[in-house]
Amino acid sequence: MKDTWTPMAIGGGLVCVVIAMVLDGSSPTVLIKPAPLILVFGGTFFAATAGYMKSDVKGIKPILMRATKGDAYDMEIAIQDMARLASVAKSQGIMALDKETQAIEDPFLRRGVELAVDGVNSEEILEVLENDIQATKDRHRMGAKVFSDMGGFAPTLGIIGTVMGLVHVLGNLSDPQSLGPAIGSAFTATLWGVLSANLIWLPIANKLKRASDAEVQIKQMEVEGLLAIQSGASSRFVRTRMESFLAPQVRAGAEEKGAAA
């Protein structure tokens, strides 16, 4: 299941801006000006990515897709999968999990199960998987920082656009009738800078941070479950150990689902 709440919320925020402009007696069409749009969006992108490697920039598109159309993390599914693996290992032995690895879609969990099947001790498995989790954190932190940086640069680029517009206005003071529209046009850049930062870039950065936290939590739960399976624990104990990572209200819901299953 895809989590599309972020683009929906951003769209809702933009709709609120349009409604507010209409109620205020203004027309939203005044925002559609090529010069400030190019300066704010184009300038923000290049300013924010100038401090990164070219390979980092190539990864922005999948990062953006992750923020807007990424998979929703279901911790109960992760718990159920680990409980099933524990049941197989308990009844048929740890080697029986070798057949289960082909059906595991998560590369992280598959790697852990393969290590357990190969007889690697729990300390080494824990070290390998914790290194994987740390690498995931670092990668996600970089992706979120790109959009946080864009949220910081956008208002500044908007101010630059406004200053450029005012310079143009001051160079044409001989035509007083055009001063009002020209000044209004100049401040469009500032509006786009502040608006894009607070309704697009910063929310995306926050979504990436939240998605990273959820993914890391699931991986940590899977590590605990896997180590419990390796030690010969029952599926009930594996579920209990993994549910200890959840908030009390979430844990209660997970226990109800587990009982129903």
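Author: A helix here is a DSSP run of at least four residues, and helices are numbered from the N terminus. This is a predicted model. Just after helix α7, G119 takes a positive phi of about 85°.

Reader: What makes α5 a helix, and how well does its length fit?

Author: Helix α5 covers residues 75-92, which is 18 residues. The minimum is four, so that run qualifies. At 1.5 Å a residue, α5 should span 26 Å, and its end C-alpha atoms are 26 Å apart, so the two agree.

Reader: What sits at the two ends of α5?

Author: At the N-terminal end, D74 acts as a cap: one of its side-chain oxygens is 3.0 Å from the backbone nitrogen of E76. The limit for a polar contact is 3.5 Å, so that distance falls inside it. Just after α5 comes G93, with a positive phi of about 100°.

Reader: Which residue plays a part like that at the start of α7?

Author: That would be D106, where a side-chain oxygen comes within 3.1 Å of the backbone nitrogen of F108. F108 is one of the buried residues of α7, along with L109, G112, V113, L115, A116 and V117. Their cover includes α5, α6 (97-100), α8 and α9.

Reader: How many helices and strands does the chain have?

Author: There are 11 helices and zero strands. Reading along the sequence, you just meet α after α.

Reader: How do you know whether the chain is like a compact globule or not?

Author: Set its radius of gyration against the rule for 261 residues: a compact globule would come near 18 Å, but the chain has 26 Å. The C-alpha atoms also fill a box of roughly 90 × 40 × 25 Å along the principal axes. Buried residues make up 37% of the chain.

Reader: What makes the F41 and W201 pair edge-to-face?

Author: A search of the whole structure finds four aromatic pairs. In the F41 and W201 pair, the centres are 6.1 Å apart and the planes make 70°. The centre limit is 6.5 Å and edge-to-face needs over 60 degrees, so both tests are passed. F41 is in helix α2 (residues 34-49) and W201 is in helix α9 (residues 179-230), so the pair ties together parts 160 residues apart in sequence. Together with F147 and W192, F41 and W201 form one aromatic cluster.

Reader: Why is W201 called buried, and why is F41 called partly exposed?

Author: Buried means under 20% relative accessible area, and partly exposed runs from there up to 50%. W201 has 12%, so it counts as buried. F41 has 28%, so it counts as partly exposed. G42, also a residue of helix α2, has 25% and so lands in the partly exposed class.

Reader: Where does T49 lie, and is it buried or exposed?

Author: T49 lies in helix α2. Its relative accessibility is 8%, which is under the 20% cut-off, so T49 counts as buried. The T49 side chain reaches the backbone oxygen of F45 at 2.7 Å. Leaving aside neighbours within four places in sequence, T49 is in contact with V57 and I60.

Reader: Why does H140 count as buried or exposed, and what does H140 touch?

Author: H140, found in helix α8, has 11% relative accessibility, so it is buried. Not counting residues up to four places away in sequence, H140 touches R66, S212 and E215.

Reader: What makes a group of residues a nonpolar core?

Author: The residues must be buried, come from a list of nonpolar kinds, and be joined through side-chain atoms within 4.5 Å. The largest one has 33 residues, and M82, L85, L97, V113, I125, I229 and V238 have the most contacts inside it. The elements giving two or more residues are α5, α7 (107-117), α8 (122-170), α9 and α10 (235-243). Apart from that core lies another, of 17 residues, including A67, A144, V146 and M150.

Reader: Which residues does I229 contact?

Author: Beyond neighbours within four places in sequence, I229 is in contact with M82, L85, A86, A89, I94, L97 and V238. Among these, M82, L85, A86 and A89 are on the list of buried residues of α5. In soluble globular proteins, nonpolar side chains tend to be buried together.

Note on methods: Residues numbered from 1 in each chain as written. Predicted model: local features only at pLDDT ≥ 70, side-chain atom pairs only at ≥ 80, totals over all residues. Heavy atoms only, no water. Phe/Tyr/Trp six-rings, centres within 6.5 Å; stacked < 30°, edge-to-face > 60°. Buried < 20%, exposed > 50% of the residue type's maximum accessible area, 1.4 Å probe, protein only. Expected span 1.5 Å × (residues − 1). Polar contact = N/O pair within 3.5 Å; in protein donor to acceptor, adjacent residues only side chain to side chain. Contact = heavy atoms within 4.5 Å. Rg over C-alpha atoms; globule rule 2.2 N^0.38 Å.
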